[in-house]
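These are my notebook entries on a structure I went through today. I set down each point in the order in which I looked it up.

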Amino acid sequence: MIETLERGSLKVDLLRFKYENSLTDIFNSLNFKIERGEFVGLMGRTGAGKTTTMMLLNGLIPHFIEGELEGNVIANTMNTQRYRVQTMARFIGLVLQDPETQIFGITVERDVAFGPSNLGFGKEKIREVVSKSLKAVGLDGYEKRMTSELSGGEKQRLAIAGVLAMEPEILVLDEPTSELDPAGREEIYKLLSGLKKKGDVTILVSGHDTEEMLEYADRIIVLDDGQKVWEGKPTTLFRNVGLTKKVGIRPPEVAEIGNCLKECGLVNQDSVFVNKDEFLQFTKNHFISFEMPNNGLKKDYSIKNDPVAIETRDLSFNYQKKNSALKELNIKINKGEFVALIGKNGAGKTTFSKQLNGLLRPTNGSVFINGNDISRLTTAQLSKEVGYVFQNPDHQIFSATVYDEVEFGLKKMNLTEKIRSTRINNALEFVGLEKFKNRHPFTLGKGERQKLAFATVLAMEPKILIIDEPTTGQDWDGTNKMMEMLDKLHKQGHTILMITHNMLLAAEYADRVIVFSNGKVVLDGPPEKVFYESEILRSASVTAPDCVILAGELRSTGYKNYPVTINELQNDLLEQLAWKGNVN
Amino acid sequence: MLIEYYPAESYVHKLDVRTKALGFLVFTIISFVFLSPLVNLLIVLCACVILFTIGTPLSGIKKILKPLLPIFILMLLITGFTYPASNFISEENRKTLFSLGTVPFTMGGLLLGITLVLRILIMVITSTIVTYTTPIEDILQLLKKIKIPHQFAFIIATGIRFIPTMQKKSEMIQEAQKARGAEIGTGGIIKNIGSYITVLIPLIVDSLRMSDNLAIAMLNRGFGAMKTTTDLTEIKMRTRDYLICLGEAILIVFAFWIRSKNIGVL
């Protein structure tokens, strides 16, 4: 049968694909089709084959990255085996993960013009597409700006504009939101859905963004271990909590409650709720009013008498002559606390954290660690007390083996070889890398390199740990594993400061949340208090977890508790149902 | 490194890249024609006048000159000690200022050393004027006009684009290493070289990874799809460019004429 494919459609018919230097096939038959004008999400855990799939679509595989390929990939009626990538680029635009390496121009305008001028568009046409694509991504007015001065989110949007300017029929984006804060993430998805509505652009986007995929995608394709394991409407996927967990995708918060009620036999599979409205509809339909005994019971906030681990007094800081980045901060953190530092990009979280180990020095005021003023101590000296884990592990790895890498910091501490070796083994065992001791660090996957960077800090046995965005770019499994480790360290008595954009993690793990906005602390307290200050949170551009918003909506039913995790809300709901005798 | 292009509206910004390149050549050649520091000092002063009237940031120039300072001192010492008195025409310059053991430090040697230092200064300042006032695209077009292949020009442009990126990366790596006990920028030279290895290796590995991604991104943007690419702007000589070029030509002829009269020698 001869199939006639429409322009703007995609068809993958793979029998097999294997990377040149790899021993095993990455794909064993992969088939899917995307119609013109569709918005499709590609989901699945890290290593499932999402990036490989995307590189197949415009012929980067097999033309640039070689391997054994059997089967056909047809994009916009063109078989990728027969066309050069540059030729395909006119019709199928591919935006990869790191925007930094996709920017070629020194000014914004020149960068967007790079693609069209390679394709030989006329001068007038180029001017037209440049201003059109900058407008589409919301960067109009940025034409003459230097690309090096853009923020992360702006760079990501510029990378999309650069591809849009070539007027492709199909737009493919590989995890475009992995490095962005929640506001930036929302913007990218809004932008994509706007593009879809405006014209006939076909969109395929990969990512771990459950809520956004649910809201914007027409269809989801799930990959797991090189196989297409599921395909269909996002609501159908996310109603099936068991399935999403099996394939390593985080289910929406409310779906967890829905799933629990399904298991109690209160709702059926098709009506497991995936959004807030459906949940509220359920409570309305079941005339749930909260009268259970623990409703409105005050939690016990007894004042702890632990010694102070970190204290800042009137701490102010400015970068050069610009506006002050931190304004007179007076913060006391007790030993053994787990603190989440939240706030939008540029609010001062990282700038504050870097004061604590001397990477930055206060312009005014002082910092005390365990009661000592640190102004005379170097960062290296402080590293024994304050461990700092950075976002990108590749900014520190330089040794030839995993073992040596961990030993680096210890060598500076004048420890005997025996103590060193015990500490290294303990640290590697803690993060689960003991079997890779003699491997070269760069042969490890990104998630493992992250753990290695973590181990290098742990081996120095600091009592205070600062972790900058521990879960950026990680899938759900990776996030959970990282958080388990932090939780364990917390229970061992470490003081932990975690910088994060992930409110779910802050709510679940931290016992104190500090919200930064414009270099000031606007909220500071236990998550149960902080996340219910909706006015202040809004002014700091922070969105509370879904369950906080739901609890607010349930006030009219007499609900008086302050849950911050979906589990707490779910337990209250179950307790109420049991109390009324609906469930055992 | 040089100061990056900054979009402004000074009179040098408005000139064609060819006028500026010729100016750079003329200043440099003249500085090599004369041996006397007085002539070169005059050129430095002229260059400085241009530099300051177009509003170049002083801090940037300081950053360029600071690492050159030890080289300047070394040059003065070497020329002072190594140029024998017989090399100089005038009696004045044959004079020995002082001796280190049996090696004399001559007046002429010192003056020649100053000339060499001034030559470097002239090149630094004039090239700074060019890079500060000329967008990279114009420089690429100049390269294209003198028939340098497009690929080569593209490499240069991309290289310049990545200077700030690499600077930021290097800062981040230094922070990461300091946070786990590395002492960077403290202690002696040997210790310092050792500690920079901890910065260099991640930087190199990261650049390799970035260059792979860049190659892929180039294909995604259709690099090499056509034989020629479209230039968004065309460089254009105006009347003032022709006038200034004429002035530059007269200047260099004049300089050679003076030199032929044996003025400005040592």
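Which domains does the domain assignment give for chain B? I noted beforehand that the model is predicted. For chain B I found domain 1, made up of 17-134 + 236-260, and domain 2, which covers 150-220. I then looked up the separation of these two domains of chain B: their centres, taken over C-alpha atoms, are 33 Å apart.

Entry on the sheet of chain A. I recorded an open sheet of four strands in chain A, with the order S2-S1-S4-S5 and antiparallel pairing. At its edges I found strand S2 (27-34) and strand S5 (78-79) of chain A, each of which pairs on one side only. I followed the pairing of S5(A) further: strand S4 (residues 67-75) of chain A joins S5(A) over two bridges, in the antiparallel sense. Opposite A:Met78 in S5(A) I located A:Ala75.

Entry on the contact between the chains. How many residues does each chain bring to the contact? I noted 54 residues from chain A and 41 residues from chain B. On the side of chain B that touches chain A, I listed helix H7 (136-145), helix H8 (150-161), helix H9 (163-179) and helix H10 (189-220) of chain B, each supplying at least two residues. The largest share of that side comes from H10(B), with twelve residues. Sorting the side of chain B that touches chain A by class, I entered 21 nonpolar, twelve polar and eight charged residues.

Methods:
Residues are numbered from 1 along each chain as its sequence is written. Chains are lettered from A and ligands numbered from 1 in the order in which they are written. This is a predicted model: local features need pLDDT of at least 70, side-chain atom pairs count only at pLDDT 80 or more; totals for chains, interfaces and linings use all residues. Domain bounds come from an automatic or database domain assignment. Two strands pair if DSSP finds at least two bridges between them. Two residues are in contact if their C-beta atoms, placed from the backbone, lie within 7 Å. Ala, Val, Leu, Ile, Met, Phe, Trp, Tyr, Cys and Pro count as nonpolar, Asp, Glu, Lys and Arg as charged, and the others, Gly among them, as polar.
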